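Student: Could you walk me through how to read a helix and the pockets in a model like this one?

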Amino acid sequence: MSGRAVGDRTIDVSNLDKVFFPEGEVTKGDVLDHYERVAEVMLPHVGGRPLVLQRFPDGIEGQGFFQKNTPSHTPDWIDRVELRTAEGGTTTYSVVDDAAGLVFLANQGTVVFHTLLSAAAAPDRPVEVVFDLDPADDDLDPVRSAARELRAVLDDLGLAPRVKSSGSRGLHLVVDVVDDEPDFDLTRSFARRVAEVVSDRGPFTTEVRKAKREGQLFLDVLRNGPASHVAAPYSLRPLPEAPVAAPLDWDEALSASFHPRRITIANVGRRLGQKDDPWADLTPPATTVTDALDALTDG
């Protein structure tokens, strides 16, 4: 155990030489370095949000698990928010607002940071809608095609979607919610309606059952519930290359040469040094999800 200064805090860290990603010999210490390095661009999308942590204390080839409840031994300076579950119980999520929080949780074996789709201060109000485009194999042509169609529909509605790599096989499209009092019924209905429109434009489907998809790309809008979560921007993913779920610009996302696992722990620092963060200066949508859904319904 040793002390690591992160901002104005000193964090006890341990086992920094333990290999977390064997293929590239990426160690636990490298993982901590990553989260400290990307904190400035990651925190605007993670800070103040309830977190679901995907932990691999022995590396990605060991036993991993999802953690929602914050353990009692977590220090008091890691914030918490207690939210009701659909079953009537409660879950106490961790909430971070600084690099020290990211590094502390990474030292606990967190490889992937997932966020709920609302802020801890207003958990019943979604702040974004997520469309997950994940192919059944490594053929990205259907993903790019679906992303183009989704972008066209959302742009026409005045919602200006942003895009990031999933860090796995596909893309995530994200719409910011600027409604005064949104709820998850609204955002789920909106996501379903958009997916239905897009499914009529190509070999895409909203069919949840794999056996019924007949080789079509699944337009996944199931992540838009109050307990749903999505891999955060700049989070690592538990795959051999140590890929990063990275914000993209649209030209990059739709390029035939791009692959969602291309941005990794090994090159993300260089990328941020050479290229502005694509999500750094985002213009809020010109309309609300409520008005967009009304337009789709009337149309």
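Student: What follows α2, and what is the sign of its phi?

Tutor: Helices here are DSSP runs of H or I with at least four residues, strands are runs of E with at least two, and both are numbered from the N terminus. In this structure Gly-109 follows α2, and the phi of Gly-109 is positive, near 95°. This is a predicted model, where local features need pLDDT of at least 70, side-chain atom pairs count only at pLDDT 80 or more, and totals for chains, interfaces and linings use all residues. Residues are numbered from 1 along each chain as its sequence is written, and side-chain values use heavy atoms, with hydrogens and water left out.

Student: Is α2 buried or exposed?

Tutor: Buried means under 20% relative accessible area, exposed over 50%, and partly exposed in between (1.4 Å probe, protein chains only). For α2 (residues 99–107), nine of the nine residues are buried, so the helix is largely enclosed by the rest of the structure. Among them are Leu-102, Val-103, Phe-104 and Leu-105.

Student: Which elements do the buried residues of α2 pack against?

Tutor: Contact means heavy atoms within 4.5 Å. The partners are β1 (2–6), β2 (9–13), α1 (28–46), β5 (51–55) and β9 (110–116).

Student: Which classes of residue line the largest pocket?

Tutor: Ala, Val, Leu, Ile, Met, Phe, Trp, Tyr, Cys and Pro count as nonpolar, Asp, Glu, Lys and Arg as charged, and the others, Gly among them, as polar. The lining of the largest pocket has nine charged, six nonpolar and two polar residues. Strand β16 (residues 217–220) gives the largest share of that lining, three residues.
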